[in-house]
Number of protein chains: 2
Amino acid sequence: MASTPKSNILVVGFGGIGTMTAYNLEASGLATVTGVLRSNYELANERGFKIWSCDHGQINSWRPTSITKEVPYVRAGTTPFDYVVVCTKNIPDIPPTVAEIIAPAVSPRHTSIVLVQNGINIEKPIIAAFPNNVVISGISRMNSSELRPGEIFHQDHDTLIIGAFRNPNLSIEVEHRAAERFTELYNASGKATGEYSKDVQFMRWRKLVYNASYNSLCAITGMDTSKLRLTGSAVTELLLPVMLEVKSVARAAGYQLAADQEDVSLNGDPLDGYFRPSMQQDIEKGNYMEMEVIVGEAVREGQRLGVPVPMLTTVYSLLKVLQFRTKVNRGLVELPPIKDFGAGDLMRRS
Amino acid sequence: MASTPKSNILVVGFGGIGTMTAYNLEASGLATVTGVLRSNYELANERGFKIWSCDHGQINSWRPTSITKEVPYVRAGTTPFDYVVVCTKNIPDIPPTVAEIIAPAVSPRHTSIVLVQNGINIEKPIIAAFPNNVVISGISRMNSSELRPGEIFHQDHDTLIIGAFRNPNLSIEVEHRAAERFTELYNASGKATGEYSKDVQFMRWRKLVYNASYNSLCAITGMDTSKLRLTGSAVTELLLPVMLEVKSVARAAGYQLAADQEDVSLNGDPLDGYFRPSMQQDIEKGNYMEMEVIVGEAVREGQRLGVPVPMLTTVYSLLKVLQFRTKVNRGLVELPPIKDFGAGDLMRRS
């Protein structure tokens, strides 16, 4: 291995998951990471990331080999990226799209694109935009968040489930080999686990059971996964019905999840953990949520396959309202001026 | 009229609606109001209420004839209250109940109990507790809120729809006469409108079309009625489906609302008004919501009458979670201690 050149990797997005993913890739000693940072660029450039990680320990100041504010444009003839690892949120309803973001750094036929992102059908626009590149699915199972800008709190073991999405333009063997190589790389630090999977869609539907239910409902209600369970009523009336709808759609799509999948998903988080899933964290921070790839796509798959999804549909409708609220709060929606009731400034509603 | 003794009235609850209701009753010159205040007692006692009212103008300091912190106990033989007007929230899931609150001040066979409150089936526990008293329904159509403690902003004309609930122990004539007398009293100020109604249940179901939809969904999404309408999607996917379910339950219960009731309810608030309905205001202030009498009872009526109410049921489930959240925030629920992840205080989630 000593003579193998290091993999040249671009990691896009340095939130809780992206930072730990990049850290683990560099910790392998086999990769050089260029990091694309947006909101936390200045801070990371100045002070580096402060990390508390259950796998890697406490790190007071860390930066990837190089950092940049924008996805670099890779000219033909210059050193290409072997992997572009995308750890941003996937929010197709808010431009730019993932494909547009990474396009400058993707070398046709060479770069493998790794989507460490939530949701289903996320590979479709990527394969359409980069028909000759391997697209790899990464499902991160660690729980890691950026508590404050540049401060990462990573609280359970980093397991990344890795496999190739099916790109009909490429041979399956090429895809599997690329995914296996990335899995080896991910395991090389000895601290994190890369888990190779041949059936990434199955894995994505499995994760969706948790995400479409807990992630959505925590975002809507402002309750973490523990408190939601402790209500009792939310389990029987909201979480389980949504989980079972996802399971039905998955089955119609050809993925028969475990008979007890809803129990596994329901009880996956420790009851004393009080985890706030990503969409809840996003809405609390005033950020957009990945509701289209997590819930919107599940609803559309249900409709396409003729599976009734009434609970998912209502959850989706509520999330659309919350996404609109974020747009309003960010000034992206023009509202009619408020009526003057003549009560003077003192009495005006805020 | 000059020789008629003034009506002796107890008003319980001095929020936006209660304060204006009490103010209008005293403005009649025909009533003496004793006010029961809780959270704003000290402030109102010291400084009086500051009121901006579209009907009564700007008032810098007002108090009812007398104020008290607790519902007074009326002994047999002392002057009874002619009316006990209840303007508190109706939250049967959080003790004490309305019947328990007003019991000390209700003189059997004499006091008429006026419920200026939202929801349906609210008269049932009152008639059960006070079988020989007239119970009057008041549906307030004014928009009035307490912006800050002791400061009332009342922004559209005070119309109170008044009629008797049917108490099978009393004669209908006695009930109607009592409701008519209260209507006259409410009109006597010349500033507000008391609108007598013979069919209070019809009126309550009609109001429920708005309350079960807008009031609930504004509370759940944190969006006022205007912003909710401006999403577009919320109208077709959430508001109208809930409204139509309420309409179906009302019909099965014997109340055929207007054919275009959903349009009337949908467009009742001015689009440039940005009204925040009561449950939204409550949850924003950390208060309990009247979700049981507005949504819970509608769901139970639907179930009792065999009318499918899937949207109302989901809305109800979400409101239960939010009510639980308020209990948690007020320290009424004991939660398991949070797991110590060993990250030190700096990294602990709040």
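**Exercise 1. How far apart do the C-alpha centres of domain 1 of chain A and domain 2 of chain A lie, and how do these domains touch?**

Step 1. The C-alpha centres of domain 1 and domain 2 of chain A lie 24 Å apart. Domain 1 covers residues 7-198 of chain A and domain 2 covers 202-329; such bounds come from an automatic or database domain assignment. Before we go on, note that this is a predicted model, in which local features need pLDDT of at least 70 and side-chain atom pairs count only at pLDDT 80 or more, while totals for chains, interfaces and linings use all residues. Residues are numbered from 1 along each chain as its sequence is written, chains are lettered from A and ligands numbered from 1 in the order in which they are written, and side-chain values use heavy atoms, with hydrogens and water left out.

Step 2. Look at the contact (heavy atoms within 4.5 Å). Domain 1 of chain A gives 27 residues to it, and domain 2 of chain A gives 24.

Step 3. Now the buried area, which is the accessible area (1.4 Å probe) that two parts lose on being put together, summed over both. Between these two domains of chain A it is about 2,100 Å², and carbon and sulfur atoms give 54% of that.

**Exercise 2. Which residue forms a salt bridge with Lys89(A)?**

Step 1. Start with the rule: a salt bridge is a side-chain nitrogen of Lys or Arg within 4 Å of a carboxyl oxygen of Asp or Glu. Over all chains, the whole structure has 22 salt bridges.

Step 2. Lys89(A) sits in the loop between strand 6 (83-86) and helix 3 (98-102) of chain A, and Asp282(A) is in helix 10 (residues 278-285) of chain A, so this pair ties together parts that are 193 residues apart in sequence. Helices (H or I, at least four residues) and strands (E, at least two) are DSSP runs, numbered from the N terminus.

Step 3. The partner is therefore Asp282(A), with the closest N and O atoms 3.4 Å apart. Between domain 1 and domain 2 of chain A the count is one salt bridge.

Step 4. Which elements of domain 1 of chain A give two or more residues to the side that touches domain 2 of chain A? They are strand 8 (135-140), strand 9 (143-148) and strand 10 (151-156) of chain A. Strand 8 of chain A has the largest share of that side, four residues.

**Exercise 3. What rotation superposes chain A on chain B?**

Step 1. Recall the general idea: two copies of a chain are related by a rotation about an axis and a shift along it. The copies are superposed by least squares on the C-alpha atoms of residues with pLDDT of at least 70 in both.

Step 2. Here the rotation is 180°, with 0.0 Å of shift along its axis, and the RMSD is 0.0 Å. That is the relation of a two-fold axis. In chain A, the C-alpha nearest the axis belongs to Ile220(A), 3.6 Å from it.

Step 3. Of the interface residues of chain A, 100% are also interface residues in chain B, so the copies meet through the same surface.

**Exercise 4. How many residues of chain A are in contact with chain B, and which helix of chain A gives the largest share?**

Step 1. In chain A, 47 residues are in contact with 47 residues of chain B. The two chains bury about 4,600 Å² between them, 68% of it on carbon and sulfur atoms.

Step 2. Two salt bridges cross the interface of chain A and chain B. Lys320(B) and Glu237(A) meet in a salt bridge at 2.9 Å, N to O.

Step 3. Several elements of chain A each supply at least two residues of the side that touches chain B, among them helix 6 (200-221), helix 8 (233-252) and helix 12 (310-329). Helix 12 of chain A gives the largest share, ten residues.

**Exercise 5. Where is the cis peptide bond to Pro96(A)?**

Step 1. The bond from Pro95(A) to Pro96(A) is cis, with omega near 0°.

Step 2. Pro96(A) has its place in the loop between strand 6 and helix 3 of chain A. In chain B, a cis peptide bond joins Pro95(B) and Pro96(B).
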